[in-house]
2 protein chains.
Amino acid sequence: MTEARKKIILNAFHMCTPSQQWAGTWKHPKDHGTDYNTLEYYVELAQTAERGLLDGIFFADSIGLMDKYGGGPWEAIRAGGMAPMNDPTLVIPAMAMVTKNLGFGVTANLTYEHPFIMARRMSTLDHLTKGRIGWNIVAGFVDSGARAIGNEKLRAHDERYDMADEYMEVVYKLWEASWEDDAVKRDRANAVFADPRKVHRVDHAGEHFRMSAVHMCEPSMQRTPVLYQAGASTRGRAFAAKHAECVFLTSYSKEMVRNHVNDIRARTIANGRNPNDVAIIVGSTVITAPTDREAQEKHRELREYLDVRGSLSIFSALAGIDFSKYDPDDPIEYIKNDANQSFVERITILSKGKKWSVRDLTAFQAGSPTAGIFLVGSPATIAAQMIEWVEETGIDGFNLVRTAEPVGLAAIVDLVVPELQNRGAYKTAYREGSLRNKLFGHGDRLSDAHPGVRAARASVKATVE
Amino acid sequence: MTEARKKIILNAFHMCTPSQQWAGTWKHPKDHGTDYNTLEYYVELAQTAERGLLDGIFFADSIGLMDKYGGGPWEAIRAGGMAPMNDPTLVIPAMAMVTKNLGFGVTANLTYEHPFIMARRMSTLDHLTKGRIGWNIVAGFVDSGARAIGNEKLRAHDERYDMADEYMEVVYKLWEASWEDDAVKRDRANAVFADPRKVHRVDHAGEHFRMSAVHMCEPSMQRTPVLYQAGASTRGRAFAAKHAECVFLTSYSKEMVRNHVNDIRARTIANGRNPNDVAIIVGSTVITAPTDREAQEKHRELREYLDVRGSLSIFSALAGIDFSKYDPDDPIEYIKNDANQSFVERITILSKGKKWSVRDLTAFQAGSPTAGIFLVGSPATIAAQMIEWVEETGIDGFNLVRTAEPVGLAAIVDLVVPELQNRGAYKTAYREGSLRNKLFGHGDRLSDAHPGVRAARASVKATVE
C-alpha cells in the first residue's frame with residue numbers, strides 16, 4: 001500500500017473555561033461549556049476525540065484572567081470568555097482513564113514554578129497516561145499573571161527566553177539523565193526496587209536556577225514529554241527550533257504560513273535536527289455539516305451566540321490594547337495611536353480593501369485576527385481545503401478551535417475525518433506506543449539528535465564516576 | 001435512635017510510591033505497590049476505601065526524596081521506601097471518577113508555590129470532586145526539598161509558620177471573598193455567565209507575598225478545602241488551632257495523645273472556635289485477620305518483607321540523624337551524641353526497660369517510633385482497642401498506615417468496619433454533601449467562627465464599594 005499523502009495531524013484545542021476566544025458559545029443550546037468544571041465534560045470530550053482518531057487534546061492556559069479591557073476581567077467574566085479558568089492539568093488523569101491512544105498537551109508556564117517541581121508533575125502525568133503527555137512551554141503570557149503574583153510587569157521578552165533556555169537545561173537533566181534506563185529492577189528476590197548506582201543527582205548552578213537533587217520519578221515511557229511551543233517572534237522561533245517537536249501557529253494567509261514554516265524548518269536544520277522532527281500545526285476554526293448550505297446555516301446560527309465585548313476582552317489582552325475605549329462600531333483607524341507598529345501592520349494586511357470597524361477584530365468569519373484559518377463547508381469542501389493548506393504551505397496539521405462543544409468536534413469527527421481518510425490524508429488507526437511515537441513513528445524517546453537532550457545527558461554523565 | 005458512641009473517622013494513609021514508612025512492603029506477594037505509577041492502582045484503592053465507608057484517602061508527600069541516610073537517597077531508592085515518589089495531586093481526579101463519597105486529602109507545601117496558583121489548583125480539585133477535597137498544609141519537611149530548589153537549608157521553623165499564616169490570609173481571601181455566592185448566573189437569555197459586580201479583586205501587600213488579581217475559579221462546593229495540619233511543635237499547634245479542621249498526630253502512648261488533644265482543644269477555644277470543629281486523628285498500623293492467632297501470623301509474615309536500611313533511611317530524614325553511621329545492631333546509646341535533646345527524650349520514654357538497638361527504631365511492632373499506634377488482632381480485638389483509644393484520649397479517628405495494599409486495607413474494611421458498626425462506633429452510610437459536611441455535619445462551608453475566614457471576608461469587603 002502506498003501512502004498517498006502526508007497524514008494530517010488533528011488536535012482539539014481547549015481550555016478549562018465556559019468558552020474560549022469565541023466568547024459566548026456556552027449560550028448555544030447544544031453547548032456543554034457551562035459544565036467546564038465537571039469531570040463529565042472532559043470525559044465526553046476525550047471520548048469524542050478518540051472516536052475520531054485525533055492525535056490529542058491540547059489545553060491552552062493562562063495564569064491570570066484577561067484584564068486589559070476596561071482595566072479588569074469584568075467583561076470576560078460577564079461573557080464567560082476564558083473566565084473563570086480552572087487548572088487544566090487536573091482533568092487529564094480522568095480523560096486518560098477513558099481513552100487508550102489520545103494524547104494530551106498541557107500548557108505549563110515556566111515563569112511560576114521551579115523546574116524540579118514542574119519536571120515531577122510532568123513525569124507523573126507521563127506515567128499515569130502511559131506516555132501520552134505533551135508540554136506546551138510558555139514563558140509568560142499576559143501581564144495580569146505577573147501582577148497576580150506580585151511582580152508589576154513581565155520580564156523583558158528576550159530575557160524570558162534566556163531564562164527558558166536554562167529552565168530547559170535543568171528539566172532535560174532531570175528527565176533524561178537522573179535515572180538510567182536499567183536503574184529500576186522491581187526485584188523482589190534481591191530486595192532491590194532500583195539500583196542506586198544507576199541513579200544520579202542533578203547538580204545545577206546557573207544564572208536563574210540552582211538545584212541539587214535526584215529526580216523524584218523513575219523514567220516514564222517518554223521521559224521528556226512531547227515538547228510544544230507557540231512563540232512567533234524571532235527569539236521565540238530560535239527557541240522552538242532548538243527545543244520544540246510541535247510548533248503552533250496562528251495565521252490567516254497561506255503566504256505568511258509558508259514563510260513561517262520555511263523559517264522554522266531552516267532553523268531546525270541549523271540546530272542539527274531533522275526538519276521533519278518538528279510538526280507545525282495551525283489554529284483553525286472548522287464548521288461543517290452534510291452540505292455546504294447547511295454548514296453556512298450553522299455558521300450563521302453560531303454567530304448569534306458570540307459575545308462582542310467578551311471576545312474583545314480576550315483580544316485586548318492578547319494585543320495589549322484596551323478596546324473598551326472604542327465603540328465596537330468605531331472605524332478601525334481610531335485605534336492606530338494605541339497600537340504598536342506590528343499590530344497596525346497586521347491589521348493593514350488583514351483589512352485590505354475593506355472598511356473595518358473595531359468589532360471586525362473578533363468577527364466570527366475568515367479574515368478576523370481571532371479566527372486563524374476559518375473553514376466553513378461540507379466535509380468534501382473542508383477536506384479539500386485542509387489538504388490544500390498542507391500541500392501549499394508545508395504545515396502538518398490543525399488545532400481545531402472550540403466552537404459549540406462537543407457537537408462541533410463530533411461533526412468534524414463524524415463527517416470530515418472519513419472524508420480525509422478516503423483521500424489518504426488521515427490515519428485509519430493509531431500507531432503503537434507513546435504520543436511521540438504516534439506522532440513521529442521513530443520511538444518513544446527524544447532522539448540523540450535533539451541538542452538540549454544531548455547536552456543534558458553528557459553533563460550529568462560527566463558528574464558521576 | 002440513640003447514637004451509642006462517637007463515630008470514628010478512618011482515613012487510608014498513602015503516598016504515590018512503592019512503599020512508605022514500612023519500607024519494602026512492595027515485596028509482599030499480594031502487594032500492588034510496584035504499580036504505584038498507574039491509575040489502576042489508585043482506582044482499586046479508592047474503590048476498596050469507599051466500600052468500607054472510609055472518610056478519605058489522605059496523601060502525604062514531600063518535595064525531595066529522603067536523603068539524610070548516608071548522605072543521599074540511595075538506600076531509600078534501593079528499598080523502594082518513599083522513592084521514587086510521584087505527585088499525588090494527579091491521581092485524585094481518577095479516584096473521584098470511580099467514587100461518590102470518599103474524600104481526598106492532599107499535601108501541598110506552601111514553601112514552593114505562590115498562593116494564587118495553589119488556590120487555583122485546590123479550587124479546581126474541589127470542583128472536579130464535587131466538594132471532596134482536603135488540603136494538608138505543610139510548611140517545609142526535609143532539607144532535601146530546600147536543596148532541590150536551590151536554597152541551602154529550610155528557613156527557621158517559627159519563621160516558616162509566620163510565612164504560613166500570611167499565606168493562609170491570601171488563600172482565604174481568594175477562596176472565600178473574591179466571588180460572592182450569587183455571582184455566577186449561567187444566564188443564557190441575558191448573556192451573563194457571571195455578574196462582575198459580585199466578583200472582587202484581591203489586593204494583598206504583605207511581608208512575604210504580594211498579589212492583585214481576581215481568583216481564577218468560581219466558588220466550589222466547599223470554597224476552602226477541608227484544612228488538615230500535622231505540626232506537633234508549640235508554634236505548629238498554635239497554627240493548627242487557628243486554621244486546621246483536622247489535626248494529625250503520630251504518637252505511641254495514650255498519655256501523650258491525651259495531653260496533646262487537650263492542648264489542641266484548649267487552643268481552639270482560645271481562638272473563638274468550637275473545639276469539636278477540629279477532628280484529631282492518629283496514625284495507626286492495623287493488622288487484622290479473622291482470629292487473633294491469624295493476625296499474629298500475618299504480622300510475622302509482613303515483618304519478613306520489611307527493609308531495615310530502607311526504613312532507617314526514611315527515619316533518618318524525619319529525625320535528622322544519619323543512622324548509616326551505625327550498625328543496625330549497635331546499642332541505641334551510641335546515637336545519643338548525634339541526636340537532639342527531644343529525640344533522646346522520646347527514645348528514652350519509648351525504650352524504657354528494654355535494651356534497644358538501632359534497628360528497633362523502625363521495628364515493625366508496637367513501641368517503635370515509626371509505628372504510631374500499632375494494633376494486631378481479630379476484628380473484635382481491634383474494634384475494642386480503637387474504641388478504647390477514642391474514649392480514653394479524646395481523639396476522633398485513625399489514619400491507617402499502609403502495609404501490604406490493597407489487601408491490608410481490604411481486611412480492615414471487611415472485618416473491622418462491621419465490628420465497629422455493630423458497636424455503634426462507625427457510620428453505616430455517608431452523610432450528604434461535601435467532605436466537610438460528611439465529617440462535621442454543619443454544612444459545606446467553613447463557618448463564620450473560623451478566625452482566618454472571618455478576617456478574609458471583612459478585608460475584601462472593605463476594598464469594594
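Colleague: How many salt bridges does the rule find across the interface of chain B and chain A?

Modeller: This is a predicted model, and in it the rule finds six salt bridges across the interface of chain B and chain A. To count as one, a side-chain nitrogen of Lys or Arg must lie within 4 Å of a carboxyl oxygen of Asp or Glu; the side chains of B:Lys130 and A:Glu40 meet in this way, at 3.2 Å from N to O.

Colleague: Which element gives the most to the side of chain B that touches chain A?

Modeller: That element is α4(B), with eight residues. The residues on this side of chain B divide into 42 nonpolar, 17 polar and 20 charged.

Colleague: What is the area buried between chain B and chain A?

Modeller: The buried area is about 6700 Å², and carbon and sulfur atoms give 62% of it. B:Leu90, B:Arg188 and B:Phe193 supply 11% of the area that chain B buries against chain A, which is more than any other three residues.

Colleague: By what turn can chain B be laid on chain A?

Modeller: A turn of 180°, with a shift of 0.0 Å along the axis, lays chain B on chain A with an RMSD of 0.0 Å, and that is the relation of a two-fold axis. Of the residues of chain B, B:Ala94 comes closest to the rotation axis, its C-alpha being at 2.4 Å.

Colleague: Why can one say that the copies meet through the same surface?

Modeller: The copies meet through the same surface because 100% of the interface residues of chain B are also interface residues in chain A. The contact takes 79 residues from chain B and 79 residues from chain A.

Notes: Residues are numbered from 1 along each chain as its sequence is written. Chains are lettered from A and ligands numbered from 1 in the order in which they are written. This is a predicted model: local features need pLDDT of at least 70, side-chain atom pairs count only at pLDDT 80 or more; totals for chains, interfaces and linings use all residues. Side-chain values use heavy atoms; hydrogens and water are left out. Copies are superposed by least squares on the C-alpha atoms of residues with pLDDT of at least 70 in both. Contact means heavy atoms within 4.5 Å. Buried area is the accessible area (1.4 Å probe) that two parts lose on being put together, summed over both. Helices (H or I, at least four residues) and strands (E, at least two) are DSSP runs, numbered from the N terminus. Ala, Val, Leu, Ile, Met, Phe, Trp, Tyr, Cys and Pro count as nonpolar, Asp, Glu, Lys and Arg as charged, and the others, Gly among them, as polar.
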